[in-house]
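Q: Please take me through one part of this model closely, starting from a single helix and working outward to what surrounds it. I would like the terms explained with their cut-offs along the way.

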Amino acid sequence: MGYDISDYRDIYEKYGTLSDIHELISGLHKRGLRFVMDLVVNHTSDQHEWFKSAISSEESPYRNFYIWKKPKTGPNGERLPPNNWVSHFGGSAWEYDKKSNEYYLHLFAKEQPDLNWENPKVRTEVNDIIRFWLDRGVDGFRLDAINFISKNLDFPDAPVTMPSAKFQDATMHYANGPRLHEYLRGMGKILREYDAFSVGKMGAFNDPNEVIKVVAEDREELNMIFQFEIVTIDHSPVGKYFPHKWKLSELKRIVNKWETYMYEHHGWNALYLENHDQGRSVSRFASDMPEFRMYAAKMLATFLGLQSGTVFVYEGQELGMANMPKTWGLDRLKDLESINFYNEVLESGASEEILQVVMADLQKKCRDNSRTPMQWDSTPFAGFSTVQPWMDVIDDYKEWNAASQIEDPFSVYSYWRSIFDLRRDYKDIFVYGSFTLVDPADEQILAYARRYEDRLVLVIVSFSEKESLWTVPADYTKPGKVLLSNYGDVQMLKSDINIRPFEAIVYLLD
């Protein structure tokens, strides 16, 4: 279940069968839609037959499908893991197997042992899995943690960046490793045979000079990647779940970097603010206060949806779904990462004040915020289920749900439809046009221009709950018309314009 696969050629029985997935794909194709599947091949489940065989015997033909190392010996003769790498879920990235006196590597949970991509048999198996699904009509893949598949084979200790921690961040030793592009080209060759889509989830990959080697047209690796610069902007240097106050100028720098670089180097961006690993964007980057929530959700749709790249909208984002209530405590969480982080801080002897700070940050950023049941309607359990779901439904579902928004022309849902209408109606500008950041120093207003030949659009969004007077740069004080406004009224462009809380306006300039 989740991100540890026990059988790559079947569907988990609680979710259906192979015939169900065939029916789903066929139905989507009949409606002109495509089906993109998650592919998790950095690691498997410890319940996969490969790993069960591998751990049963050092002579298993699958032993070398995984990464095994002998223990180190400490200064007092104690057994230690092979190095000091920390798992993404806390603790050591190595799990001891008493039977063989070896450790296996798991960059994530101990139930998720990493595959050894140095073994050509592993690569052959992965290629066969890709073909298996493409032959069944899958149109492409989201490749999970795909830049972790090539490691530094010396497995050196990571530098000590957190002196108080026993285990250290080692992404420099396993992210974007020496054979990554070779492995990606191998998969890319198969994907091109089927004209299949690909997007890679790539943490610790923020240098566009390196990213372009994956996504450039002539590289023949992947179509695009999810990079993490925006969704880590509020992470503290001492830990993800400690607060960090970010500035709008930082966000502008990140957006400008990726938009201009990809345009100039013939790459392509994957645009997102939410996914199953992030808090809800309206709560995290704007405001979910009742008086602001609808405007803020629409503002974020404008900010994201009119940039250059493929827009990814996560379930519920199109409704303006918000984070869990601040009244929910640790007992309501399911996410291993969040629970382990809180418990590690607790066990370190942190004060009650520090624990409250961590809990408040978990309520803003933790992954469970985006994993609550989809709010379909106002019936019990939000129409997601007829029985109590695994996770609790957020309390506001009776007001914030799909059924109440689909026919409402002023809803967040309808506004998102308007964003995609603009992308279709002005494809030359919003899909193929250039990007220019406007007024990079302002800490309340984010504005950018999209241009194609002599056609120019100015996008203005406010990330503030306060009104502000914005002086429009002279290059953009031109006649034109309003294409979209999240307040619903028409505010003509002039040299000084009053921007309301979380306002978004899109102008087509002459």
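A: What follows is one connected account, from the helix to its surroundings and then to the two sheets.

This is a predicted model, in which local features need pLDDT of at least 70 and side-chain atom pairs count only at pLDDT 80 or more, while totals for chains, interfaces and linings use all residues. Residues are numbered from 1 along each chain as its sequence is written, and side-chain values use heavy atoms, with hydrogens and water left out.

The starting point is helix H6, which spans residues 208–215; helices (H or I, at least four residues) and strands (E, at least two) are DSSP runs numbered from the N terminus. In H6, the residues Pro208, Val211, Ile212, Val214 and Val215 are buried, where buried means under 20% relative accessible area, exposed over 50%, and partly exposed in between, with a 1.4 Å probe and protein chains only. Viewed down the axis of H6, these buried residues fall within an arc of 155°, so they line one face of the helix; the arc is that of the directions from the helix axis to the C-beta atoms. The cover over the buried residues of H6 includes helix H5 (180–193), strand S9 and helix H7 (248–264).

At the N-terminal end of H6, Asp207 acts as a cap, with a side-chain oxygen 2.9 Å from the backbone nitrogen of Asn209. The loop between strand S8 (197–201) and H6 holds Ala204, whose phi is near 55°, a positive value in a residue other than glycine. Ala204 counts as partly exposed, at 43% relative accessibility. A positive phi, near 60°, is also found at Ala382, which sits in the loop between helix H11 (352–365) and helix H12 (402–405) and counts as buried at 0% relative accessibility.

From the side of H7, the loop between H7 and strand S10 carries Gly267, a buried residue with a relative accessible area of 13%. Leaving aside neighbours within four places in sequence, Gly267 is in contact (heavy atoms within 4.5 Å) with Ile212, Val215 and Met262, and two of these, Ile212 and Val215, are among the buried residues of H6. Gly267 and Asp218 are 49 residues apart in sequence, yet their C-alpha atoms are 9.7 Å apart in space.

Asn269 lies in that loop too, between H7 and S10 (270–271), and is buried with a relative accessible area of 7%. A polar contact of 3.3 Å joins the side chains of Asn269 and Glu259; such a contact is a pair of N or O atoms within 3.5 Å, where within protein one must be able to donate a hydrogen and the other to accept it, and residues adjacent in sequence count only if both atoms are side-chain atoms. Beyond four places in sequence, the contacts of Asn269 include Met224, Trp258, Met262 and Thr310.

Strand S9 (224–226), one of the elements covering H6, is an edge strand, as is strand S1 (36–39), and each pairs on one side only. The sheet is open and parallel, with four strands in the order S1-S7-S8-S9; two strands pair if DSSP finds at least two bridges between them. Its twist averages 25° from one strand to the next, with axes fitted as lines to C-alpha atoms (for helices over the stretch in contact) and angles running from 0 to 180 degrees between N-to-C directions. Four bridges join S1 to strand S7 (residues 140–143), and Val36 stands opposite Gly140 in S7.

Helix H7, the other route outward, packs on a second sheet, whose five strands run antiparallel in the order S12-S13-S14-S18-S16. There H7 touches S12 and strand S13 (445–452), at about 160° to the direction of S12, while helix H9 (residues 293–305) touches S13, S14 and S18.
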